[in-house]
Amino acid sequence: MTEEKKTLTTRQGHPVWDNQSLRSVGERGPATLENYQFIEKITHFDRERIPERVVHARGTAAHGWFEAYGKIGDEPASQYTRAKVLTKAGVRTPVFLRFSTVIGGKESPRPPVTRAVSPSSSTPRTATGTWSATT
């Protein structure tokens, strides 16, 4: 029985004899553009889609009001900030919070596991403008 040795080829069908080494500028320098096999290998790897690894962002949102007390502890908030939304007591500011999670796709072999539940963005609309804070 004879075993046929398979040759690794590029997308164009050219044989690749060594895909583990590349030509660089100096010992630890950048790779040169003449390493078309390496560049093709990296671009293919970078764009490869593995169905089991597809993640989907899922989330929900909440809309409400923020009302400051005007104090931080027993001290006035104006000692720490000049933001009117935090220093004036009784001012109601509309706020929109978005919570996102990352879970595996429906074709994932294991049950969906929720990871990284956190408020992803907070958008209060103040008298001085719209703030946007993301985590």
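Helices and strands are taken here as DSSP runs, with at least four residues for a helix and at least two for a strand. On that basis, the chain in this predicted model comes out with 2 helices and 7 strands. Reading from the N terminus, the elements go α-β-β-β-α-β-β-β-β. The chain has 135 residues, and buried ones make up 17% of them. As for how the contacts spread along the sequence, take those with a separation of 6 or more: 46% of them join residues 24 or more positions apart.

Start with the stretch around the helix α1. N35 sits in the segment before α1, a helix that spans 36–47. Its relative accessibility is 9%, and since the cut-off for buried is under 20%, N35 counts as buried. Setting aside neighbours within four places in sequence, N35 touches L22 and R23. A little further on, F38 belongs to helix α1 itself. With 28% relative accessibility, F38 falls in the partly exposed class. The C-alpha atoms of F38 and S21 are 8.4 Å apart, with the two positions 17 residues apart in sequence terms.

F38 also turns up in the lining of the largest pocket. That pocket holds about 190 Å³ of space. From the early part of the numbering, its lining includes L8, T9, T10, R11, V16 and N19. Q37, F38, E40, K41 and H44 line the pocket as well. Sorted by character, the lining residues split into 3 nonpolar, 5 polar and 3 charged.

Next comes helix α2, which covers residues 84–87 and includes T87. T87 has a relative accessibility of 22%, so this residue counts as partly exposed. Leaving out neighbours within four places in sequence, its contacts are G70, A77, S78, T81 and R82. T87 can also be placed relative to A68: the two are 19 residues apart along the chain, and their C-alpha atoms are separated by 7.2 Å.

A68 comes up again with V91, a residue in the loop between α2 and β4, the latter being residues 92–104. Beyond neighbours within four places in sequence, V91 is in contact with F66, E67 and A68. For the pair V91 and E67, the C-alpha to C-alpha distance is 5.7 Å at a sequence separation of 24 residues. At 35% relative accessibility, V91 is put in the partly exposed class.

Rings and charges give a short story. The charged end of R92 sits over the ring of W65, at 4.6 Å from the ring centre. Aromatic pairs, on the other hand, number 0 by the rule used. That rule asks for ring centres within 6.5 Å, with the rings being those of Phe, Tyr and Trp.

Last, strand β5 runs over residues 115–126 and contains T126. T126 has 16% relative accessibility, which means that this residue counts as buried. Not counting neighbours within four places in sequence, T126 makes contact with V85, T93 and W131. Put side by side, N35 and T126 are both classed as buried, whereas F38, T87 and V91 are each classed as partly exposed.

Note on methods. Residues are numbered from 1 along each chain as its sequence is written. This is a predicted model: local features need pLDDT of at least 70, side-chain atom pairs count only at pLDDT 80 or more; totals for chains, interfaces and linings use all residues. Side-chain values use heavy atoms; hydrogens and water are left out. Buried means under 20% relative accessible area, exposed over 50%, partly exposed in between (1.4 Å probe, protein chains only). Contact means heavy atoms within 4.5 Å. Rings of Phe, Tyr and Trp (its six-membered ring) pair if their centres lie within 6.5 Å; planes under 30 degrees apart count as stacked, over 60 as edge-to-face and the rest as tilted. A charge sits over a ring if NZ of Lys or CZ of Arg is within 6 Å of the ring centre and within 35 degrees of the ring normal. On a 1 Å grid over the protein atoms alone, a cavity is a set of points where a 1.4 Å probe fits but cannot get out, and a pocket is an open set with protein on both sides within 12 Å along at least five of seven lines; lining residues have an atom within 4 Å of a point. Grid points are joined across faces, edges and corners, and a volume is the space filled by probe spheres set on the points. Ala, Val, Leu, Ile, Met, Phe, Trp, Tyr, Cys and Pro count as nonpolar, Asp, Glu, Lys and Arg as charged, and the others, Gly among them, as polar.
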